[in-house]
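The report below considers a few buried positions, one helix pair and the cysteines of a single model. It is meant to be read beside the sequence and the coordinates.

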Amino acid sequence: MRQDKVHIMNHPLIQHKVSIIRQTSTGVKEFREMVSEIAMLMCYDATRNLATEMVEIETPLATVMAPVLSGKKLAIVPILRAGLGMVDGMLNLIPSAKVGHIGLYRDPETLAPVEYYCKLPADISERDVFVVDPMLATGGSAAAALSFLKQHGVQEGNIRLLCIIAAPEGVKAITDAHPDVEVYCAALDDCLNDHGYIVPGLGDAGDRIFGTK
């Protein structure tokens, strides 16, 4: 595992909200709101190193040189379906970002990722991309999504992976397969159980976001 590429976000607000979504008693509405808020806070930190340039602007009192974003445009790519829960929170901060979608599920027998849907912005290769999924368990789905983006022309070093809760096994899988990708997570949990779920985790994020179980 490349520690220099893995960022555990220990901000008190993030940690507090993660504790809320872990609880069995947290209902669908609150769970969905907390996931969105966590994603917004994570996005704030994950965009810390975006390039800026100085431009001349006018205030009511003077003309001044001020920093604005420069460099590549941004894209958010949620891994369906749970990743959808993180998109709106991030768009609150970066509303001009385009949104793509990659649909993957884990084969229940092999746990291998299976693709069933992909729709990306036409200029995805020209953008910095944030891949989002609340849970990084085995890492198989996320690794496959990252490979797929690179096949569509996204350059190494232009992809960040944001997940709320990660297992060590998943983080290692990503850093081994994609050592160029920065991984941001709010919590690094203990392990995976025999069914590939993160422990202590929070259960199935998709089911809890959409109320399907």
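Ser141 is buried in this predicted model, its relative accessible area being 14%, and the residue belongs to helix H4. Because the cut-off for burial is a relative accessible area under 20%, a value of 14% places Ser141 in the buried class. When neighbours within four places in sequence are left aside, the contacts of Ser141 are Ile79, Leu104, Arg106 and Pro113.

Asn158 is found in the loop that runs between helix H4 (140–151) and strand E10. Asn158 is likewise buried, with a relative accessible area of 13%, and, residues up to four places away in sequence not being counted, Asn158 touches Lys72, Arg127, Asp128 and Val129.

Two cysteines, Cys163 and Cys185, are also buried, with relative accessible areas of 1% and 0%, respectively. The sulfur of Cys163 has its closest cysteine sulfur in Cys185, at 4.8 Å, and for Cys185 the closest cysteine sulfur is in turn that of Cys163. A disulfide requires the two sulfur atoms to lie within 2.5 Å, so the separation of 4.8 Å is too far for a bond. By this rule the count of disulfides is zero.

The four buried residues discussed so far are set out here.

| Residue | Relative accessible area |
|---|---|
| Ser141 | 14% |
| Asn158 | 13% |
| Cys163 | 1% |
| Cys185 | 0% |

Helix H3, which spans residues 84–93, contains the buried residues Gly85, Met86, Val87, Gly89 and Met90. These buried residues pack against two helices, H2 (28–46) and H6 (205–210), and against the strands E4 (73–80), E5 (98–99), E8 (127–132) and E10 (159–166).

How do H2 and H3 lie relative to each other, in angle and in the distance between their axes? They pack at an angle of about 45°, and their axes are 7 Å apart. Since an angle of 45° is neither under 35 degrees nor within the range of 65 to 115, the two helices are oblique to each other, and their crossing is right-handed. On the H2 side the contact is made by Val35, Ser36, Ala39, Met40, Cys43 and Tyr44, which meet Gly85, Met86, Asp88, Gly89, Met90, Asn92 and Leu93 of H3. Sorted by class, this contact of H2 with H3 comprises eight nonpolar, four polar and one charged residues.

Methods. Residues are numbered from 1 along each chain as its sequence is written. This is a predicted model: local features need pLDDT of at least 70, side-chain atom pairs count only at pLDDT 80 or more; totals for chains, interfaces and linings use all residues. Side-chain values use heavy atoms; hydrogens and water are left out. Buried means under 20% relative accessible area, exposed over 50%, partly exposed in between (1.4 Å probe, protein chains only). Helices (H or I, at least four residues) and strands (E, at least two) are DSSP runs, numbered from the N terminus. Contact means heavy atoms within 4.5 Å. Axes are lines fitted to C-alpha atoms, for helices over the stretch in contact, and angles run from 0 to 180 degrees between N-to-C directions. Angles under 35 degrees count as roughly parallel, over 145 as roughly antiparallel, 65 to 115 as roughly perpendicular and the rest as oblique. A crossing is left-handed if the near helix is turned anticlockwise from the far one by less than a right angle, and right-handed if clockwise. Ala, Val, Leu, Ile, Met, Phe, Trp, Tyr, Cys and Pro count as nonpolar, Asp, Glu, Lys and Arg as charged, and the others, Gly among them, as polar.
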